[in-house]
Amino acid sequence: YALYLGESEVGLYGLEATSPADADRFEGVLRGIWAYNENLGRARVHREGRVLVVVWHSGVSPSCWEAVNARVVERMTTP
């Protein structure tokens, strides 16, 4: 879990499931929990294999938001 507190908040938390089946289940639950904020563009759920990361914010610029999510994807897919 990490939280950046500036003029706006950006938070991240991640978890690693013990199996692909558990990851599938956790992903469904997380997407359900964060669906409202994801529809508003305030949260995003990322998954790579058994690892899930949720990113959210409280008012950063669209360019900052996209950069944060691009970096999360980059980090998750780089061996």
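I begin with a term: a residue counts as buried when its relative accessible area is under 20%, as exposed when that area is over 50%, and as partly exposed in between. With this cut-off in hand I looked up Trp56, whose relative accessible area is 14%, so I note Trp56 as buried.

**Entry: confidence**

I remind myself that this is a predicted model, and I therefore looked up the confidence before anything else, since predicted coordinates should not be read in detail where pLDDT is low. The protein chain has a mean pLDDT of 95, and 100% of its residues reach 70 or more. Among the elements of the chain, I find the lowest mean pLDDT, 90, in strand β1 (residues 2-5), and the highest, 98, in strand β3 (residues 43-48).

**Entry: aromatic rings**

I looked for aromatic pairs and found that the structure holds three of them. One I wrote down in full is Trp34 with Trp56, whose ring centres are 5.6 Å apart and whose planes meet at 20 degrees, so I record the pair as stacked. The pair links distant parts of the chain, for Trp34 is in helix α1 and Trp56 in strand β4 (residues 51-57), with their positions 22 residues apart in sequence. I then asked myself: is Trp34 buried or exposed? Its relative accessible area is 15%, so Trp34 is buried, and for Trp56 I had already noted 14%, which is buried as well. I also see that Trp34 and Trp56 belong to one aromatic cluster together with Tyr1 and Tyr13.

**Entry: Glu27 and its partners**

A search of the whole structure for salt bridges gave me seven, and I followed those of Glu27, which sits in helix α1 (residues 20-39). Glu27 has a relative accessibility of 17%, and because buried means under 20%, I count Glu27 as buried. Which residues does Glu27 contact, once its neighbours within four places in sequence are left aside? I find Arg47 and Leu52.

The side chain of Glu27 meets that of Arg31 in a salt bridge, with 3.0 Å from N to O. Arg31 and Glu27 are four residues apart in helix α1, so I picture them as separated by about one helical turn. At 30% relative accessibility, Arg31 counts as partly exposed.

The side chain of Glu27 also meets that of Arg47 in a salt bridge, here with 2.7 Å from N to O. Because Arg47 lies in strand β3 and Glu27 in helix α1, this pair ties together parts that are 20 residues apart in sequence. Arg47 has a relative accessibility of 25%, and I therefore enter Arg47 as partly exposed.

**Entry: Arg44 and Glu66**

I next looked up Arg44, which forms a salt bridge with Glu66, the closest N and O atoms being 3.1 Å apart. Arg44 lies in strand β3 and Glu66 in helix α2, so the pair ties together parts that are 22 residues apart in sequence. How accessible are the two partners, starting with Arg44? Arg44 is at 24% relative accessibility and counts as partly exposed, while Glu66, at 43%, also counts as partly exposed. Turning back to the salt bridges that share partners, I note that they join Asp24, Glu27, Arg31 and Arg47 into one network.

**Entry: Asn69**

Asn69 is found in helix α2 (residues 62-77), and its relative accessibility is 1%, so I count Asn69 as buried. Not counting residues up to four places away in sequence, I find that Asn69 touches Arg44, His46 and Val55. Arg44 thus appears in my notes again, after its salt bridge with Glu66.

**Entry: Glu16**

My last residue is Glu16, whose place is in strand β2 (residues 9-16). Is Glu16 buried or exposed? Its relative accessible area is 53%, and because exposed means over 50%, I count Glu16 as exposed. Leaving aside neighbours within four places in sequence, I see Glu16 in contact with Arg50 and Val51. A polar contact of 2.9 Å joins the side chains of Glu16 and Arg50. I also looked up how Glu16 stands to Arg47: the two are 31 residues apart in sequence, and their C-alpha atoms are 9.8 Å apart in space.

Technical notes. Residues numbered from 1 in each chain as written. Predicted model: local features only at pLDDT ≥ 70, side-chain atom pairs only at ≥ 80, totals over all residues. Heavy atoms only, no water. pLDDT = per-residue confidence, 0-100. Helix = DSSP H or I, 4+ residues; strand = E, 2+ residues; numbered from the N terminus. Buried < 20%, exposed > 50% of the residue type's maximum accessible area, 1.4 Å probe, protein only. Contact = heavy atoms within 4.5 Å. Polar contact = N/O pair within 3.5 Å; in protein donor to acceptor, adjacent residues only side chain to side chain. Phe/Tyr/Trp six-rings, centres within 6.5 Å; stacked < 30°, edge-to-face > 60°. Salt bridge = Lys/Arg side-chain N within 4 Å of Asp/Glu carboxyl O.
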